[in-house]
Every structure is written in structure tokens, then in C-alpha cells.
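This report introduces a protein model to a reader new to it. Please look at the structure before reading on.

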Amino acid sequence: MRVLLVHPSPLMYSEIYLRLEPLGVERVAAALLAAGHEVRLLDLQLFSHDDLARALGDFAPRAVGFSVNYLANVPEVIDLARLAKRARPECFVFVGGHSASFVAREILDHAEGAVDCVVRGEGELVAPRLVKTQGILNRKHLGVRALAITGRIAARLALRGQTNFLRMIWKFRSVYNPERQLRDHFQPITYAMTPPAPQRGPVDRAALYIHAAARRDPASSISARPADAAMKDVTWHGISEV
């Protein structure tokens with residue numbers, strides 16, 4: 001099965017300072033590859049939403065997975081899931097990642113049908129089984145109508161001299177070139193943060209603070225008293241001792 005794995009865009013302002021290699025998505029991709037699936041990665045830290053739309057059309061995935069490492073990524077991932085469903089209504093959309101495991105029900109509720117499944121826990125263990133199950137369901141529910149539609153598409157393309165679609169159906173494993181899946185991801189990219197300029201000379205301690213420390217008025221300071229004495233003057237409201 002063709003699977004497109006997507007890492008969301010950088011968090012607000014973080015694209016200026018920090019880009020992290022999507023190791024979690026890469027581990028899931030490796031597990032899917034080992035299970036015999038065709039995988040392509042799209043890192044939206046480097047590419048745009050338009051690139052995702054093109055990948056949905058060109059690669060034509062049957063399953064799309066989104067990574068949610070931070071809760072701040074959830075709104076964007078839900079919007080991207082809706083984009084995937086609009087482009088390919090038949091594709092299976094699933095979400096995984098560290099933060100997604102804690103808010104699985106909330107993601108499903110807010111997505112309103114755009115997300116079919118949320119993977120909780122280790123994605124490299126669950127994703128291959130999930131995609132395999134979805135592939136079995138697709139074959140089970142292919143039906144005569146879907147075969148007729150596929151036949152018409154193949155015939156229309158063949159009349160134009162385009163036989164790739166027909167050859168892909170009969171020789172799916174041999175036609176697809178797995179080296180293409182990471183072609184975009186292999187571009188030389190520096191993910192590390194830019195180190196600050198080296199400090200020369202003595203360090204100004206006042207420069208370490210974002211706001212200058214306010215001077216305290218000695219007259220307004222509270223005189224130090226023993227804790228027991230200070231607690232006698234405290235009035236407790238709404239709290240009862242047990």
C-alpha cells in the first residue's frame with residue numbers, strides 16, 4: 001500500500017531558530033518499509049502545504065499519517081487531514097506521535113471525520129499492522145463498481161498511449177521505484193541551531209535579565225518573622241482542617 005507520512009510545520013517562530021529532524025516519522029517509515037509497503041515522507045518544516053497537495057495527487061497514497069509531537073501542532077494537523085480527505089476521500093488518515101497519545105479522543109472529536117484513527121503508543125509497532133488491516137479492508141470492499149471505475153480509467157489512459165496505470169495494477173511491486181520516496185527529503189538541510197557569537201571580555205550580569213531588576217523600597221519591605229508567628233495572622237477561607 002502507498003503510505004504518505006507527514007511531519008507538520010515548525011511551531012510559531014521556531015522556524016527561525018530550530019528545525020528538528022523528524023526521527024519519529026522516519027522510524028515509522030522504516031517499519032512500514034520492512035512490512036513491504038511503499039512509503040514517502042514529507043517534512044513541512046521544509047516544504048509547504050502546496051507540496052502536500054501535489055503529493056496527494058502525484059503519489060496518490062491510500063493511507064496518510066500525520067505526526068503530532070506537540071499539542072500546538074494539533075490544529076494544523078486537523079486542517080491537513082481535512083485537506084487530505086478532500087483531495088482523496090478514499091484514503092485512510094491516521095495520526096500518531098507523543099502528544100497525540102494523550103489527546104486521542106479530542107483529536108477525533110475536533111476532526112469531525114477527517115481523522116480515521118489515532119495511534120497511541122509506539123508508532124513503529126502499530127502502524128504496519130494498521131496499514132495492513134486497512135489494505136485487507138480495501139480489497140474486501142473493492143466490489144464490482146470499483147472494478148468498473150478502475151477499468152474505465154485504465155481504458156481511457158490506454159487510448160491515450162498511457163500504459164503506466166495498467167502496468168502498475170498488474171506489476172505493482174516491480175513498477176514502483178522505492179528510491180523516489182525520500183528524494184525530496186535527501187536535500188542537504190541543516191537542522192541544528194545557529195550557535196551564539198562567542199562572548200569576549202567580562203559578562204555584564206545586568207544583561208542576563210530580560211527586565212531590569214526593580215529596586216525595593218526598604219520602607220515597604222515586610223519584616224521577617226518566624227513562620228509560626230506569621231501564620232497566626234492568616235485568615236483561612238473555605239478550608240477546614242481534617
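The text below treats the strands, then one residue, and then a pair of helices.

The model is predicted: local features need pLDDT of at least 70, side-chain atom pairs count only at pLDDT 80 or more, and totals for chains, interfaces and linings use all residues. Residues are numbered from 1 along each chain as its sequence is written, and side-chain values use heavy atoms, leaving out hydrogens and water.

Helices (H or I, at least four residues) and strands (E, at least two) are DSSP runs, numbered from the N terminus. Strand β3 covers residues 63–67, and 5 of its 5 residues are buried (under 20% relative accessible area, 1.4 Å probe, protein chains only). A63, G65 and S67 point one way from β3, whereas V64 and F66 point the other way. In a regular strand the side chains alternate between the two faces of the sheet.

The pairings of β3 are tabulated here; strands pair if DSSP finds at least two bridges between them.

| Pair | Sense | Bridges |
|---|---|---|
| β1 and β3 | parallel | 4 bridges |
| β3 and β4 | parallel | 5 bridges |

V6 stands opposite F66 in β3, and V64 stands opposite V93 in β4.

H7 lies in strand β1 (residues 2–7) and is buried, with a relative accessible area of 11%. Its contacts (heavy atoms within 4.5 Å), not counting residues up to four places away in sequence, include P22, V25, S67 and N69.

Elsewhere, V74, I78 and R82 in helix α4 meet I107, H110 and A111 in helix α5.

Conventions
Buried < 20%, exposed > 50% of the residue type's maximum accessible area, 1.4 Å probe, protein only.
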